[in-house]
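Let's take a walk through this one together, starting from a single side chain and working outwards. Have the sequence and the 3D view open as you read.

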Amino acid sequence: VNGVRVAVRGANLVPFDSYESRVRDDDIDYMVHAARDAHFNMLRVWGGGIYQRDHFYERCDELGLLVWQEAMAACAMLPSDRRYLRSLRAEIEQQVRRLSSHASVALWSGNNENEVALGWFNVTRQHRETYLQMYTRVYYDTVLATITTIDPSRSVWPSSPSSGFAVADRSRRLFVGAWGNGDATTVGDVHYYNYTSDCEDWRYYPKTRFASEFGWQAFPAAAAWVTDAGATESDMKSAFTPFMMHRQHHVNGTRQQVIQISRHFSTATVNDTERRGAPLPLWSYLSQLQQARCVGTEAEQYRRLRLDSSVQCHGLLFWQLNDVWTAPTWSAIEYRGRFKALMYHAQQYFYSPLLVSARTEYVDNSATSRSAPNGVSVYIVNDYAPAAHSGGGGGGSRQW
């Protein structure tokens with residue numbers, strides 16, 4: 001940014017409400033200030049939501065928050081006929097002209113996960129060349145070409161996650177994708193979710209250059225279910241009542257929380273049965289503590305990787321900052337604005353510009369085919385240091 005290399009700390013932003021007409025400017029102010037106060041320096045406006053109103057970008061300008069702005073396309077294949085492309089081009093022109101005057105907009109991105117989605121569906125795998133051509137017409141020849149014509153000053157990124165460009169000739173508006181593995185860890189950015197491994201073991205996390213999505217679910221506070229969702233006493237007997245399961249839209253999400261919490265908390269009340277499940281106040285508390293520890297462990301690892309010369313991870317954006325309703329989700333802030341434990345943890349520790357972070361080291365035991373603890377490494381990550389902005393890493397490490 002202005003010739004200065006920035007170590008990014010932040011989160012992904014989803015719409016503030018399912019109904020935009022209910023969102024007040026005060027709601028936007030609250031969320032943006034909360035991010036700033038928790039040491040964020042970037043918010044990613046997710047491509048599966050909406051282009052935010054002007055007030056959001058004005059507040060980011062004022063508070064010094066950078067914005068990763070995506071075109072509104074996510075997790076699917078879009079049509080590439082002429083009529084649709086004319087409509088899409090008009091949309092991109094209008095939005096780029098509206099937003100390009102804002103200093104906070106640091107990066108334009110073509111979409112959310114549509115590049116990796118080429119490998120998700122049987123039809124795209126079976127007819128890959130056809131869908132690559134369609135994808136190229138939509139995103140390279142239309143979205144990115146339109147953005148760079150109107151706003152040639154800013155960086156563009158093809159998709160998130162992505163391996164980036166093989167060719168990016170902005171003067172001719174010529175873009176060719178690298179078409180590597182969109183989840184590659186040596187180039188580009190990564191979305192990483194692992195719901196089965198021990199989330200508090202740093203060894204499971206990839207050595208990535210930029211982690212643009214990662215996260216873990218938690219339940220809102222018990223009080224939120226009553227005031228915001230109209231839950232009854234019967235609905236709140238456990239996390240597995242029909243009411244709670246109706247609001248759980250992540251497949252096996254609550255069961256995954258049970259497994260993770262059971263690894264790290266000694267309580268007989270954590271189980272997956274409605275009859276014997278933990279009462280909701282206790283369950284919400286434990287799930288939020290576990291979410292904070294999961295995301296915090298991963299965030300610390302990515303920040304430590306900035307000191308690894310073979311990786312130099314320079315950014316992390318967890319999923320997600322805010323919420324559109326009261327439900328078990330990945331958010332750090334509940335629908336009505338109450339902080340989950342994750343937001344306090346980010347504010348008070350793992351997003352601190354000066355971070356002291358320790359991790360257990362391991363050595364492989366060939367006799368047992370298992371690894372054993374072998375000392376502790378302590379890292380100091382300093383985002384204030386001049387070295388943090390010159391291409392190297394700010395801070396250092398010491399091992400015992």
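Start at tyrosine 135, which counts as buried because its relative accessibility is 3%, under the 20% cut-off for that label. Keep in mind as you look around that this is a predicted model.

Now find tyrosine 140, which is also buried, at a relative accessible area of 1%. The ring centres of tyrosine 135 and tyrosine 140 are 6.1 Å apart and their planes sit at 55°, so this pair is called tilted. These two have company: Tyr135, Tyr139, Tyr140, Trp157 and Phe165 make up one aromatic cluster.

What does leucine 88 touch, once residues up to four places away in sequence are set aside? The list is Val138, Thr142 and Val143. Leucine 88 itself belongs to helix α3, residues 82-99, and it counts as buried because its relative accessibility is 7%. You can also tie leucine 88 to tyrosine 139 from the cluster: their C-alpha atoms are 9.9 Å apart, with the two positions 51 residues apart along the chain.

While you're in this area, have a look at the backbone. Serine 160 and proline 161 are joined by a cis peptide bond, with omega at about 0°. Proline 161 is in the loop that runs between β5 (155-157) and β6 (165-169).

Back to rings for a moment. How many aromatic pairs are there by the ring-pair rule? The count is 21. One of them is tryptophan 68 with phenylalanine 210: the centres are 5.7 Å apart and the planes are at 50°, so that pair is tilted. Tryptophan 68 sits in strand β3 (residues 66-70) and phenylalanine 210 in the loop between β8 and β9, so to speak a link between distant parts of the chain, 142 residues apart. Both tryptophan 68 and phenylalanine 210 are buried.That loop between β8 and β9 also leads us to the cysteines. Searching the whole structure turns up one disulfide. The partners are cysteine 199 and cysteine 294, with their sulfur atoms 2.0 Å apart. Which hand does this disulfide have? The torsion about its S-S bond is about -65°, so it is left-handed. Cysteine 199 is in the loop between β8 (190-192) and β9 (211-214), while cysteine 294 is in helix α9 (residues 280-304), so the bond ties together parts that are 95 residues apart in sequence. Both cysteine 199 and cysteine 294 are buried.

What about cysteine 313? It is in no disulfide, and the nearest cysteine sulfur, that of cysteine 199, is 18 Å away. Cysteine 313 is buried, with a relative accessible area of 2%. Cysteine 60 is buried as well, at 1%.

Stay with helix α9 a little longer and pick out glutamine 290, which has its place there. Is glutamine 290 buried or exposed? It is buried, because its relative accessible area is 0%. Leaving out neighbours within four places in sequence, glutamine 290 is in contact with Cys199, Glu200, Trp216, Gln260, Ile261, His264 and Phe265. Notice Cys199 in that list of contacts: it is a partner in the disulfide with cysteine 294.

A few backbone details are worth a stop on the way out. Glutamine 312, in the loop between α9 and β10, has a positive phi, near 55°, in a residue other than glycine. Glutamate 113 also has a positive phi, of about 65°, and is not a glycine either. You'll find glutamate 113 in the loop between β4 (105-109) and α4 (122-126), and it counts as buried because its relative accessibility is 13%. Then there is the cis peptide bond that joins tryptophan 319 and glutamine 320, with omega at about 10°. Glutamine 320 is in the loop between β10 (315-318) and α10 (341-350).

Let's finish on the outside. Which residues form a nonpolar patch on the surface? They are Leu354, Val356, Ile380 and Tyr384, which together have about 410 Å² of accessible area. Leucine 354 is in strand β11 (residues 354-365). Its relative accessible area is 45%, so leucine 354 is partly exposed: that value falls in between the 20% limit for buried and the 50% limit for exposed.

Notes:
Residues numbered from 1 in each chain as written. Predicted model: local features only at pLDDT ≥ 70, side-chain atom pairs only at ≥ 80, totals over all residues. Heavy atoms only, no water. Patch = residues over 30% accessible without salt bridge, like charges linked within 9 Å, V, L, I, M, F, W, Y side chains within 5 Å. Areas by Shrake-Rupley, 256 points an atom, 1.4 Å probe, with all protein chains shown as cover. Salt bridge = Lys/Arg side-chain N within 4 Å of Asp/Glu carboxyl O. Helix = DSSP H or I, 4+ residues; strand = E, 2+ residues; numbered from the N terminus. Buried < 20%, exposed > 50% of the residue type's maximum accessible area, 1.4 Å probe, protein only. Disulfide = S-S within 2.5 Å. Contact = heavy atoms within 4.5 Å. Phe/Tyr/Trp six-rings, centres within 6.5 Å; stacked < 30°, edge-to-face > 60°.
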